[in-house]
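Reader: Hey, can you walk me through this one? I'm new to reading structures.
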Amino acid sequence: MSNTQMLKGILDGCLLAIINEGEVYGYELAEKLESYGFQQTSEGTIYPLLIRMQKEEMVTTTLKKSTAGPRRKYYSLTPKGKNELQAFIERWNQLSHSVDQILQKRGSVK
Amino acid sequence: MNAPKHTLTAASQDFLDNLSLYLFSSGKKDKEVKEIVEELEDHLIEAEKRGKSVSHIIGHSPKAYMEQLSNEMSFDFKWLSYLPIIVLGVFAYVLLGDTIREGVQFTLLQVVGYPAVCIILVLFYLKMFKFLASTKISKTKSITTTFILGTLPILFFLGLMYANDAYKTPVVIKLGTTGNIIAALVAIAIFIGISLWSKTWFTIVIPTILFLPEFLISLTSFEKETKAILTISVLFVTLIIYNVYTFKKAKKET
């Protein structure tokens with residue numbers, strides 16, 4: 001299984017979590033994601049996800065002027081997005097707990 | 001546009017242009033296309049300032065990335081309404097030409113053929129734009145393709161003309177004097193209507209250049225040959241004047 005397949009779905013939750021820290025724009029979001037160790041995914045991957053999250057009303061956007069270049073789109077979470085983040089955290093905790101347990105019991109690859 | 005702007009590298013600008021064309025020919029909503037292109041432009045500017053390449057942003061397949069974006073965006077049903085309008089435009093054009101010359105007379109083949117050719121051409125163009133936007137081809141190849149795409153409508157309509165001569169299908173519409181005047185008025189109304197709808201002068205200027213001199217010359221009492229020569233020369237001169245004018249105007253704007 002490739003990294004990208006494994007990341008699908010998880011990336012959504014991570015984006016929600018980062019946006020929850022405060023209003024961000026696309027480039028900033030990609031940079032933050034990278035700083036947490038998501039280096040293999042190309043930066044543009046976030047945009048299709050952001051478009052979907054906007055359609056599903058998880059995030060809202062506001063356009064602000066930037067000094068050099070086009071207007072900048074800032075993302076923030078909606079109440080629906082916050083609920084989804086909460087649900088993601090619970091799902092993730094459960095999943096990572098189970099995966100941890102299996103890996104620890106079965107031990108390392110011999 | 002606001003003044004001091006970071007200029008993107010050719011590779012990035014190419015990608016943005018191709019993305020617009022790809023999404024546009026996939027029938028995505030105008031506003032959504034503009035938004036995502038603007039957002040990626042901002043991202044690419046920031047990334048280039050830090051020395052990152054396009055492939056760092058979009059991955060190694062521009063086509064796959066364009067598809068990913070396209071899949072999340074909504075189809076604009078407004079595009080479907082363009083088809084009948086283009087058909088209507090061509091219809092008005094043919095109609096007006098006929099009223100000036102030999103009078104309106106359509107065979108069954110023409111009645112079916114004109115709309116069919118328009119629809120085939122439009123669908124084909126959309127497919128080709130989408131293909132060209134997402135595929136890398138050499139300069140010579142893209143010039144050849146553009147040339148072929150440009151001559152295609154002429155070939156189709158000439159083909160229809162010849163087919164109409166070769167296969168005699170029954171005449172289904174034939175108008176008398178009053179009918180022709182009404183037809184001309186309808187055609188002019190369609191041109192004005194499309195012009196208002198599209199908010200461009202194009203569908204008024206082009207038919208005027210093409211038909212007004214011919215119409216005025218047909219009213220004179222010159223010999224048939226003189227009329228033909230006059231029509232062609234006037235057409236030639238006005239088209240050149242119009243081209244120079246639009247070229248100068250476009251240059252002024254940039």
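Author: Sure, one term to start: helices (H or I, at least four residues) and strands (E, at least two) are DSSP runs, numbered from the N terminus. Also, this is a predicted model, where local features need pLDDT of at least 70, side-chain atom pairs count only at pLDDT 80 or more, and totals for chains, interfaces and linings use all residues. Residues are numbered from 1 along each chain as its sequence is written, while chains are lettered from A and ligands numbered from 1 in the order in which they are written.

Reader: OK, what is the secondary structure of chain A?
Author: Chain A has five helices and three strands. Going from the N terminus, they come as α-α-β-α-α-β-β-α.

Reader: And what order do the strands of the sheet have?
Author: In chain A it's β1-β3-β2, an open sheet with antiparallel pairing. Two strands pair if DSSP finds at least two bridges between them. β1 (24–25) and β2 (59–64) of chain A are at the edges with a single partner strand each, so one side of each has no neighbour in the sheet.

Reader: How many bridges join β2(A) to β3(A)?
Author: Six, and the two strands run antiparallel. For instance, Thr61(A) has Tyr75(A) in β3(A) as its bridge partner.

Reader: Which helix lies across those strands?
Author: Helix α2 (residues 10–20) of chain A lies across β1, β2 and β3 of chain A, at about 95 degrees to β3(A). Axes here are lines fitted to C-alpha atoms, for helices over the stretch in contact, and angles run from 0 to 180 degrees between N-to-C directions. Contact means that the C-beta atoms of two residues, placed from the backbone, lie within 7 Å.

Reader: Switching topic: how many residues of chain A are in contact with chain B?
Author: 16 residues of chain A, and they meet 22 residues of chain B. On the chain A side, α3 (26–35), α4 (46–55) and β3 (72–77) each supply at least two residues. The largest share, four residues, comes from α4(A).

Reader: Last one, what about α5 and α8 in chain B?
Author: Helix α5 (residues 82–100) and helix α8 (residues 177–198) of chain B pack at about 140 degrees, their axes 8 Å apart. Leu88(B) and Ala92(B) are among the α5(B) residues there, and α8(B) brings residues including Ala187(B) and Phe191(B). By class, this contact has twelve nonpolar, three polar and no charged residues. Ala, Val, Leu, Ile, Met, Phe, Trp, Tyr, Cys and Pro count as nonpolar, Asp, Glu, Lys and Arg as charged, and the others, Gly among them, as polar.
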